[in-house]
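This report turns to pockets and aromatic pairs, read from a predicted model. The structure is shown first, and the description follows.

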Amino acid sequence: MSIAFVFPGQGAQTIGMGRDLAEAYPEARAVFQEVDDALGEKLSDLIWEGDIETLTLTQNAQPALMATSMAAMAALKAEGIEVGKAAYVAGHSLGEYSALCAAGSLSLADTARLLRIRGKAMQAAVPVGEGAMAAILGLGIEETEKLAEAAAEGEVCQVANENDPSQNVLSGHKAAVERAVAMAKDAGAKRALLLPVSAPFHCPLMGPAADEMARALGEVKFNDPAVPLVANVTAQAVTDAAKIRELLVEQVTGRVRWRSSVEWMAAQGVTEAWEIGAGKALSGMIRRIDKSVATRSIGTPDEVKAAKEA
């Protein structure tokens, strides 16, 4: 059995996530404390007792989801399961930072600070109301690319995420993305819907955020990861710290190639994916990409213990 540890991205956040881990494992509680200290605020209070609208703000959701994933990793480690049990690590968008933290490429404090910077930079890159994202359901990647091209009309409209064989996400100027949604049914899509996000992530409009992340990433220490990272923008394994730094900058404006990443890992012999942290969205995508890859969610003490006994 070959295992990949995978880490969720934005959208998986819920109030209360990780609290039972922190109550059951002192090691998990220490993760939340270290993130609070790194950010100079009680993010854990927002995660456990705040309101979902504030938690969902990009600058909060990104470090919060990472903290929850790292708390689950700390609980696994307390039960004797190290990151080296995995053949690969991978994450969806911000989850790539969680994967790198889990693999020892970045420190927890640096990861929290980077994600706070990333969240603010992505939010500030495009004025509110000028960008949009939309999920296109029931179209393959080539058809979705053609739809985006037809809808662009000189504006930015391109595939931001290839999530699974039946779900892709477009990002760009609001008017162009809205045109794509209106044209989607005639293009053969089963459904198209605008997403409740505050900025058009993973497209060229994020250029200012990429510049900001290049500066921020240049100021932190990177180690080669203990386990190869399957990078979002290449859908292949990388182990060189300098290359990973470059790919994280490219990822801000580049496509999240999740479907291709899962296909690549399966081709390397991965037979099981453990989704570490909040939610089960990645597990659903993985099952739709390759039914031969079993999935396991690890976000509660019971799920941690079940993983130990597996």
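The text below takes up the two pockets and then the aromatic pairs.

**Pockets**

The largest pocket of this predicted model holds about 740 Å³ of space. Its lining is made up of 34 residues, of which Q10, G11, N161, L195 and V197 are the closest to its centre. Several elements give two or more residues to this lining: the helices α4 (52–56), α5 (58–78), α7 (108–124) and α13 (281–289), together with the strands β3 (131–137), β4 (157–164) and β5 (167–173). By class, the lining of the largest pocket divides into 17 nonpolar, 15 polar and two charged residues.

The second largest pocket holds about 230 Å³ of space, and its lining consists of V31, M70, M73, A74, K77, I81, E82, V83, C101, A102 and L108. Here α5 and α6 (95–102) each supply at least two residues, and α5 gives the most, with four. Helix α5 is also among the elements that give two or more residues to the lining of the largest pocket. In the second largest pocket, nine of the lining residues are nonpolar and two are charged, while no polar residue takes part.

**Aromatic pairs**

The structure holds three aromatic pairs, and two of them are described here. A pair of aromatic rings is described by the distance of the centres and the angle of the planes.

| Pair | Centre to centre | Angle between planes | Arrangement |
|---|---|---|---|
| F5 and W274 | 5.3 Å | 20 degrees | stacked |
| F32 and W48 | 4.9 Å | 65 degrees | edge-to-face |

The stacked pair of F5 and W274 links distant parts of the chain, with F5 in strand β1 (residues 3–7) and W274 in strand β9 (residues 272–276), 269 residues apart. Are these two residues buried or exposed? F5 has a relative accessible area of 0% and is therefore buried, and W274, at 1% relative accessibility, counts as buried as well.

The rings of F32 and W48 have planes at 65 degrees, and because an angle over 60 degrees counts as edge-to-face, the pair is placed in that class. This pair too links distant parts of the chain, joining F32 in helix α2 (residues 26–39) to W48 in helix α3 (residues 43–49), with their positions 16 residues apart in the numbering. F32 counts as buried because its relative accessibility is 2%, and W48, at 11% relative accessibility, counts as buried too, since the cut-off for buried is under 20% relative accessible area.

Conventions:
Residues numbered from 1 in each chain as written. Predicted model: local features only at pLDDT ≥ 70, side-chain atom pairs only at ≥ 80, totals over all residues. Heavy atoms only, no water. 1 Å grid on protein atoms, 1.4 Å probe; cavity = no way out; pocket = protein on both sides within 12 Å on 5 of 7 lines; lining within 4 Å. Points joined across faces, edges and corners; volume = space filled by probe spheres on them. Nonpolar A, V, L, I, M, F, W, Y, C, P; charged D, E, K, R; others polar. Phe/Tyr/Trp six-rings, centres within 6.5 Å; stacked < 30°, edge-to-face > 60°. Buried < 20%, exposed > 50% of the residue type's maximum accessible area, 1.4 Å probe, protein only.
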